[in-house]
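Subject: Structure handover and notes

Hello,

Here is the structure you are taking over. My notes on what was found in it follow below.

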Amino acid sequence: MHTDVAIVGGGPGGLAAAAALSRVLDPSVRIKVFEAARGYSEAGAGVGMHINGLMACEAIHPSIAHTLYDKACYSLCSYQYDDVTGQRNAGGTIAVDRMGQLEATGHCQALMYWNDVRESLYEHLPDPGMVEFGWRAAGCQAIDGAEQELMSGAGASAADGAAAAELPWAQQPYRYELRMARQRAGGFVGGGGAAALAAADADAKDNDGKEEEGKGREGAAPSEELLVRAKVVIGADGYFSRIRRELLGGTPPVFSGVVMWRGSFTAEELSSGAVPLPPAAFGAGASDRAASHRWTPAGAGLAPGQGRVLLLFLAQGGDGIGAWYLQNSVKAVQEAGVEFPPAGAAGGVGGLSGSAALARALAANGHLPPDVAALLAATAPERVTEHGLYVQPLDSVQQGSWTRGHVVLIGDAAHAAPPDGQGANLAIEDAVVLADVARRHGGVLGPQVFAEWEALRQPRVKAILGDTKYPFTERMIAVRASSFAQLWAPGDPGLPTSLPADPADGSSSRGNGGGSSSSSGSSSEQSPSMEALRAWSRRTTKAIVERRLAEVAARGAVEQAGEGGAQGPAQAPAPAVVAAGARDDGGGR
Ligand SMILES: Cc1cc2nc3c(=O)[nH]c(=O)nc-3n(C[C@H](O)[C@H](O)[C@H](O)COP(=O)(O)OP(=O)(O)OC[C@H]3O[C@@H](n4cnc5c(N)ncnc54)[C@H](O)[C@@H]3O)c2cc1C
């Protein structure tokens, strides 16, 4: 297969890159995403989407942000326990001033089902056929002259303006060859842990493809392979990026000392009552049904990676999928008599799935109240994964860390984040800024564009990921100060073709109050300008959030959870009021 741009990895970063670049590159430029997972379903748990990530989604297309705001969870209970006694010390609904955030920035934070983020981006690709599912990059190398380009670090020289201007796409040579292996059935991917897949990939003996022998997908040749030649490669393949390892090298992420388990329930399992849902675990009456539980040593605070964390998440007010993640320190895991990394798992990274992972989760987390442990134990083993959490040391990040030649890394592949709610957000930001820089260079991708992009992104990523000794709230200044150039234009599909005039601001209209479908407007229609559409998008966002918050309030979730969320072994908790801009995500990358 030949393509102009090969994006390896179809997570939030890779999909956002495909969607964003499609808006700024000439339509004749071929963009392909190669995703190891064989499809998108039932992956991940809750992820904190913040002002910056949602603003970046809006920059690709307003309807991505609107879809996510519509599906988001707006009510989160948060509980803190004494690590030693198990006593629940504090808890209640976290009240976030979303209207204040909307007023100040046009966006607000919310908790989402991780797979909804991925699917919303996927659904906004100009052509779903851009994604080739079930193909894992098992090897990649530079072809001929591109090898010299890589060795000489052309990305760095481009920063000094030394690189030649890019040739038109049609005249560019194919510079890289990627060897794709058909992803075998089962394994980590469908089970909700492509992070674990990446971990497995890091250590699997697949450099020569032998791992695949005899394990091909049903109906596929045992060692089915696809050779892909590309002019530009974007590595969006997560924190154990093969693209980074094979084409850039550099400092790999380091083990953070934290072990992570994830699991999920289907909507059918939940509605049939097969899964016990203890009210004490969620807070009474919490209609959006998400709860974060943290067991911390006295005085330790809630710094990322500290303590034991459980996040329970039921999508769509409990009518959709359910998911959980659980994290604990490797020290506590080993003290509980559970070996880490597990014997027979993927090397030092601890990638494991299935019943062994579930049994280990329960054995290593004896601090869970019995009803919560029973909830986790009801998870179908094939949807449980375990892996170590790895983080990119920020002091290893320097010019040229994320790009070389016509290769660039984005998202976790470039800057694997600690689990404090920015991984997906920054991955989407990366993609949007990359597309904007490419647009300013006339729709090309190459050393000069990548170096300019890297120079913009590194200070930003460092500011947001910052010093993780400090709570995320202290790093929110950079998040609130986000701003992205819009990649869409009036007349693009999915945008209103006309808006009724809005006497209030003189430029635009009433919003349509939900979704992003075209609005036919009223009698005093005018052709919407970019500015008017942007104002429309913000009004639509606000209307969606207001509606969703009203739904939560109508069910009494906030009030009830605030007063009685700590049913169970609790002292009556006061609602934890969090200022605008603070986290309410319960963690997440
Ligand atoms: C399945 C999954 C579930 C997650 N769930 C949560 C969650 O619930 N909460 C949370 O806060 N964070 C979650 N994360 C992590 C977090 O969302 C990341 O920080 C964020 O997604 C970064 O986006 P990314 O696109 O850079 O990398 P990732 O999301 O890691 O995506 C990388 C993609 O590349 C694919 N891939 C990896 N290696 C190859 C290869 N060799 N060839 C082809 N494809 C490859 C993977 O299958 C994956 O889809 C999850 C990540 C994954 C992969």
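In which loop does proline 493 lie? Proline 493 is in the loop between helix H18 (476–480) and strand E19 (499–500). With a relative accessibility of 68%, proline 493 counts as exposed. Its C-alpha atom is separated by 9.6 Å from that of proline 126, although the two positions lie 367 residues apart along the chain. Please keep in mind throughout that this is a predicted model.

Overall picture

The protein has 20 helices and 21 strands. Of its 589 residues, 58% are buried. Among contacts with a separation of 6 or more, 82% are between residues 24 or more positions apart. The exposed surface of the protein comes to about 20800 Å², and carbon and sulfur atoms supply 53% of that area.

Helices H2, H16 and H17

Two packed helices are described by the angle between their axes and the distance between the axes. Both values are given here for two pairs, and helix H16 belongs to each of them.

The first pair is helix H2 (residues 51–60) with helix H16 (residues 423–440): their axes come within 8 Å and cross at roughly 35°. This crossing is left-handed. On the H2 side the contact involves Asn52, Gly53, Leu54, Ala56, Cys57, Ala59 and Ile60, and these meet Asn425, Leu426, Ile428, Glu429 and Val432 in H16. By type, the residues of the contact divide into 8 nonpolar, 3 polar and 1 charged.

How many residues of H2 are buried? The count is 10 of the 10, so H2 is largely enclosed by the rest of the structure. The buried residues of H2 include Ile51, Met55 and Glu58.

The second pair is H16 with helix H17 (residues 447–465), which pack at an angle of about 150° with their axes 9 Å apart. Angles over 145 degrees count as roughly antiparallel, and H16 and H17 are therefore roughly antiparallel to each other. The crossing of H16 and H17 is right-handed. H16 contributes Leu426, Glu429, Asp430, Val433, Leu434, Val437, Ala438 and Arg440 to this contact. From H17 come Val449, Phe450, Glu452, Trp453, Leu456, Arg457, Arg460, Val461, Ile464 and Leu465. The residues of this contact divide into 12 nonpolar, no polar and 6 charged. Leu426 and Glu429 of H16 appear in the contact with H2 and also in the contact with H17.

Individual residues

Alanine 65 is found in helix H3 (residues 62–71). It is buried, with a relative accessible area of 0%. Setting aside neighbours within four places in sequence, alanine 65 is in contact with Leu54, Cys57, Glu58 and His107. Leu54, Cys57 and Glu58 are buried residues of H2. The C-alpha atoms of alanine 65 and threonine 540 are separated by 9.9 Å, with their positions 475 residues apart along the chain.

Lysine 231 lies in strand E10 (residues 225–235). Is lysine 231 buried or exposed? Lysine 231 is buried, at a relative accessible area of 3%. Beyond its neighbours within four places in sequence, lysine 231 is in contact with Thr3, Asp4, Arg30, Trp169, Ala170, Gln172, Pro173, Tyr174, Arg175, Tyr176 and His406.

Threonine 385 has its place in strand E16 (residues 384–391) and is buried, with a relative accessible area of 1%. Threonine 385 and methionine 260 are 125 residues apart in sequence, and their C-alpha atoms are 8.2 Å apart in space.

Histidine 367 lies in the loop between helix H13 (355–364) and helix H14 (370–377). Its relative accessible area is 17%; buried means under 20%, so histidine 367 counts as buried. Not counting residues up to four places away in sequence, histidine 367 touches Trp295, Arg308 and Asn328.

A cis peptide bond

Which two residues does a cis peptide bond join? They are phenylalanine 340 and proline 341, with omega at about -5°. Proline 341 lies in the loop between helix H12 (330–335) and strand E15 (352–353).

Regards

Notes: Residues numbered from 1 in each chain as written. Predicted model: local features only at pLDDT ≥ 70, side-chain atom pairs only at ≥ 80, totals over all residues. Heavy atoms only, no water. Axes fitted to C-alpha atoms, helices over the stretch in contact; angles between N-to-C directions. Helix = DSSP H or I, 4+ residues; strand = E, 2+ residues; numbered from the N terminus. Left-handed = near helix turned anticlockwise from the far one by under 90°. Contact = heavy atoms within 4.5 Å. Nonpolar A, V, L, I, M, F, W, Y, C, P; charged D, E, K, R; others polar. Buried < 20%, exposed > 50% of the residue type's maximum accessible area, 1.4 Å probe, protein only. Areas by Shrake-Rupley, 256 points an atom, 1.4 Å probe, with all protein chains shown as cover. Parallel < 35°, antiparallel > 145°, perpendicular 65-115°, else oblique.
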